[in-house]
Amino acid sequence: MSIEELSNKGIDSFVNNFVSFISKKAPEFCITQYKKHEMKLNKGLPEYIKANYQRCAFVRTLLKRDRPTELDKIYESLQFKIDDNILKEDEIKSSISTDLHRTIISGYAGNGKTIFLKKIYKELIDNQVNFYPIFFELRNISSGTQTLFDCIYESILTYSDSFTQEQFTYGLKKGLFYFLIDGLDEVSDLQQSNIQEEIIKLTLKYPYCPFVVTSRPNEFTTWENFHIAHLLPFDYRRCQSYITKIDFVEERKTEFLEFLTKRKFAEHEEFLSNPLLASMMLLTFDEYGDIPAKRHIFYEKCFQVLIKEHDASKGRFLRPLKSKLSHENLEKVFMYFCAISYQDQKYRFSLQEVDKYIDLSLQIVYSDNKCKENDIRYDFVHSVSLLLQDGNFFEFIHRSFQEYFFAKFIVNDRELELEKKLDNIDGLFSYEKANLIPMIDDMDHDYFETEYILKKLAILNEYFESIDPENEPEKIFEQFNEYLIICSVSLDKENFNLPFFPDSILFDLDKEKKLNYFILINVHKKYRKHIYEYSLNLSSNDILKVVSKYDLCIKKNTIGDNLLQMIEIRLDRKILIELNCTKYAQYIKKSLNDYYHDILFRTTKQRSIIDEIIFKNRNL
């Protein structure tokens, strides 16, 4: 079916039914207004419906960049969670329409919030529902003093210059409009509170109009009259169903689906939980026949696949990038684009901002920059599809690509010491940047260990040298966290009392403790087999005596047939000694020292072997 055929489908009938519906609701008013030629719904509003229907009925996909794809052919129904209830998409839509619930659709980028609103808009037209759908993207609000009411009205006026504010207000009062408001999180910080307040006021003032608002996860404490529906990512079944629907070589889709077992899905869930990234996974698998386990290798292969898709889309001939850059140099520019914007904590860009970051990146790569920012921008968006464009706004296809290219910059740039580079990153161990350090470590483990971990270990070991863990264990533990956890598992009538630090509050610690904690995690991985030598070996009665004496709380949980008991321990010397936690303090001090000397030994030995084999003991 052509775009024109699909866009016209049902619209005339919808408008006729809608005008009839309004006439039944207020025949006297409508007749009067029609006579005065002040409310001609059939002159203007159909143009608005048609224009938005075209926007909502078709989408562009990574697999078919040069032509739009019919939304219905690839759409995969979604699931939502409200409180503890899992709801299907039809249940949410029915609830909004019949009960007039005000609903916030909360979900992360790429999970399908906007596509869901487009689906609702299209269905309202197709199903001849007696609501007039209004689709409005909050990113289109300027930084001026216009109200949300005025902005929505003007978006209709664009297609209908005869549509009056009196008509708009009348429709609001009578509950004729169904509002689909997209991208609350895309409003600037300066406007955020005002827009939120205005949406809430509109829903209270016009209670008969359904309102659906999309946003990334946030605190919606002031939205008392709204339900919060959390959009759930694709599960295994939905991912398989989506792959089956998309337009791709059937044989390759079949091979990918056979590869995509439940275990593989669990390993790569982050990149299979939404349509865009699932498509990228398919392309990567099609090229390499596998999905790399290491994240940084996956990202690199994704980039190569997207570059190749750019060439392949025009047959076997290599077509040049619009910027005339080589693939290698385009990747360099994009790497610096990611590095600069990552440091600025900038993830979404206006047209002016994206060009500013491109210009700064070009200044680094070329001494005499002759490239045009708009050509580079075109290549980022269309040639390699690593940036998504929506109107005059841009964002990464997935934020982790920005993180990957920043990590690549950190590893590739050897002008500045690694320690200085990492220490200069704001929120290095924050939740938002939790994957950065492991990725840098994965890219070049030797560089990371010798230029960063070794230096930090030296500081820790120097501090621990004068501490006696047997008599002052709290001085060891306080370098990593503010309290300790004891885990007592009842297993085959034996008690394994293992102390550890709770990583659930890692991101609440100061920077130094976060770094020390990260080093300790690496130590645990390396010396895991020895950690049980330092378990407390206390009986349940021994632990209960201390718990009672110091008024400590035991939290209980069941894992399989085992009873798990956890105790939060304050860093109080008496409690720690009485619970035999000194053994764990000894383990930490010894293993950190061993780790330090192990790195020194390995790097010295490696250097010696290189000199012997490659340079033949020549002093170069």
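This report walks through a predicted model of a protein chain, from the overall picture down to a few single residues.

## Ground rules

Because the model is predicted, local features need pLDDT of at least 70 and side-chain atom pairs count only at pLDDT 80 or more, while totals for chains, interfaces and linings use all residues. Residues are numbered from 1 along each chain as its sequence is written, and side-chain values use heavy atoms, with hydrogens and water left out.

## The whole chain

The chain holds 28 helices and 16 strands. Here helices (H or I, at least four residues) and strands (E, at least two) are DSSP runs, numbered from the N terminus. Of the 620 residues, 49% count as buried; that means under 20% relative accessible area, with exposed being over 50% and partly exposed in between (1.4 Å probe, protein chains only). The chain exposes about 31300 Å², and carbon and sulfur atoms supply 50% of that. Those areas come from the Shrake-Rupley method with a 1.4 Å probe, and for residues only the protein chains shown count as cover.

How do the contacts spread along the sequence? Among contacts between residues at least 6 apart in sequence, 70% join residues at least 24 apart. A contact means heavy atoms within 4.5 Å.

## A seven-stranded sheet

Let's start with a sheet. Seven strands form an open sheet in the order 4-3-9-5-8-7-6, with mixed pairing. Strand 4 (85-88) and strand 6 (132-137) stand at the edges with a single partner strand each, so one side of each has no neighbour in the sheet. From one strand to the next, the twist averages 25°. In general, strands of a sheet pair through backbone hydrogen bonds, either parallel or antiparallel. Two strands pair here if DSSP finds at least two bridges between them.

Three of the pairings look like this:

| Strands | Sense | Bridges |
|---|---|---|
| Strand 3 (residues 79-82) and strand 4 | antiparallel | four bridges |
| Strand 3 and strand 9 (residues 226-232) | antiparallel | three bridges |
| Strand 5 (residues 102-106) and strand 9 | parallel | five bridges |

Strand 3 is a good one to follow. Gln 79 has Lys 88 as its bridge partner in strand 4 and Leu 232 as its bridge partner in strand 9. Ile 82 is bridged to Asn 85 in strand 4. The hairpin of strand 3 and strand 4 has two residues between the strands, and Asp 83 there takes a positive phi near 55°. Which side chains of strand 3 are buried? Phe 80 and Ile 82 are, and they point to one face, while Gln 79 and Lys 81 point to the other and are not buried. Over in the parallel pair, Ile 104 is matched with Ile 228 in strand 9.

At the other edge, helix 8 (residues 148-157) lies across strand 6 and strand 7 (177-182), running at about 110° to strand 6. For such angles, axes are lines fitted to C-alpha atoms (for helices, over the stretch in contact), and the values run from 0 to 180 degrees between N-to-C directions.

## Two crossing helix pairs

Helix 16 (residues 327-343) and helix 18 (residues 373-383) pack at an angle of about 90°, their axes 11 Å apart. That makes helix 16 roughly perpendicular to helix 18. Angles of 65 to 115 degrees earn that label, with under 35 roughly parallel, over 145 roughly antiparallel and the rest oblique. Leu 330, Val 333, Phe 334 and Phe 337 of helix 16 meet Ile 376, Asp 379 and Phe 380 of helix 18. By class, this contact of helix 16 with helix 18 has six nonpolar residues, no polar and one charged. Ala, Val, Leu, Ile, Met, Phe, Trp, Tyr, Cys and Pro count as nonpolar, Asp, Glu, Lys and Arg as charged, and the others, Gly among them, as polar.

Further along, the axes of helix 24 (residues 511-526) and helix 28 (residues 582-613) come within 10 Å and cross at roughly 85°. Helix 24 and helix 28 are therefore roughly perpendicular too. Their contact has eight nonpolar, three polar and two charged residues.

## Buried spots

Helix 21 (residues 436-443) has six of its eight residues buried, so it is largely enclosed by the rest of the structure. Among them are Met 439 and Met 443. Both of these residues touch His 296, which sits in helix 15 (residues 295-312). His 296 counts as buried, at 15% relative accessibility.

Is Lys 93, in helix 6 (residues 89-99), buried or exposed? Lys 93 is buried, with a relative accessible area of 11%. Leaving aside neighbours within four places in sequence, Lys 93 is in contact with Phe 116, Lys 119, Ile 120 and Glu 123.
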